[in-house]
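Let's take a walk through this one from the inside out. Have the structure open beside you as you read.

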Amino acid sequence: MELQHIFVVDDDDTTRILIEAQLKPLGRVSLFSRANDARAAIESSGFPDLVITDVDMPGLSGMDFLSWIRRCNPTVPVIVASAIHTDDNLFDAIRMGATDFICKPFPLRNIQDAARSALRSQHRRWVSEGRVARKKSIP
């Protein structure tokens, strides 16, 4: 079983730690309190297998980060999580290419389920493109 690399970008320390605990069974989790720092990590080391980002953060917002990701890599799954529950946020995120949108607060299990779903979808796409062997699975 191949472990995944997941970026969690949220300016709230508690949220990052709780999400990390839920995602550790899926692979390596890198935590960032600012989207600018996550962007710098991507620019120096490449894209992770999944990005989970908050919307409202100081500096580069989650929506601007999503927009940058889509321009650079239209296929990496991005889950947007936000405490701001408006239809505009949801529709904007999906229109901009978010894989999923989760409203905070959320049951922690939901973030793991959303991550598994996004990673499985990405894996199926890679298999159909012949980029990975079919026998690898997402935990």
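**Starting from a buried ring**

Phenylalanine 7 has a relative accessibility of 3%, so it counts as buried. Keep in mind that this is a predicted model, then look across from that ring to phenylalanine 32, which is buried too, at a relative accessible area of 14%.

How do these two sit together? A pair of aromatic rings is described by the distance of the centres and the angle of the planes. For phenylalanine 7 and phenylalanine 32 the centres are 4.7 Å apart and the planes are at 50°, so this pair is tilted. Phenylalanine 7 belongs to strand S1 and phenylalanine 32 to strand S2, so the pair ties together parts that lie 25 residues apart in sequence.

Now move over to helix H3, where phenylalanine 65 and tryptophan 68 are three residues apart and so are separated by about one helical turn. These two rings are stacked, at 6.2 Å centre to centre with 10° between the planes. Phenylalanine 65 has a relative accessible area of 0% and is buried, and tryptophan 68, at 7%, counts as buried as well. Add Phe47 and you have one aromatic cluster made of Phe47, Phe65 and Trp68. The count of aromatic pairs comes to three.

Next, zoom out to the packing. The largest nonpolar core has 22 residues, and those with the most contacts inside it are Phe7, Val9, Phe65, Ile69, Val78 and Val80. Strand S1 (4–9), helix H2 (35–45), helix H3 (62–72) and strand S4 (78–82) each give two or more residues to this core. The largest share, five residues, comes from H3.

Val78 is a good place to pause. Beyond its neighbours within four places in sequence, valine 78 is in contact with Leu50, Val51, Thr53, Leu66, Ile69, Arg70, Ala98, Thr99 and Asp100. There is also a second, separate core of 17 residues, which includes Ile79, Ile102, Ile111 and Ala118.

Last stop, helix H2. Which of its residues are buried? They are Ala35, Ala38, Ala41 and Ile42. Sight down the axis of H2 and these buried residues fall within an arc of 120°, so they line one face of the helix. They pack against S1, strand S2 (27–32) and H3. On the other side of H2, Glu43 and Ser44 are exposed. Just after the helix H2 comes glycine 46, which takes a positive phi of about 100°.

Key. Residues numbered from 1 in each chain as written. Predicted model: local features only at pLDDT ≥ 70, side-chain atom pairs only at ≥ 80, totals over all residues. Heavy atoms only, no water. Core = buried A, V, L, I, M, F, W, Y, C linked by side-chain atoms within 4.5 Å. Buried < 20%, exposed > 50% of the residue type's maximum accessible area, 1.4 Å probe, protein only. Helix = DSSP H or I, 4+ residues; strand = E, 2+ residues; numbered from the N terminus. Contact = heavy atoms within 4.5 Å. Arc of directions from axis to C-beta. Phe/Tyr/Trp six-rings, centres within 6.5 Å; stacked < 30°, edge-to-face > 60°.
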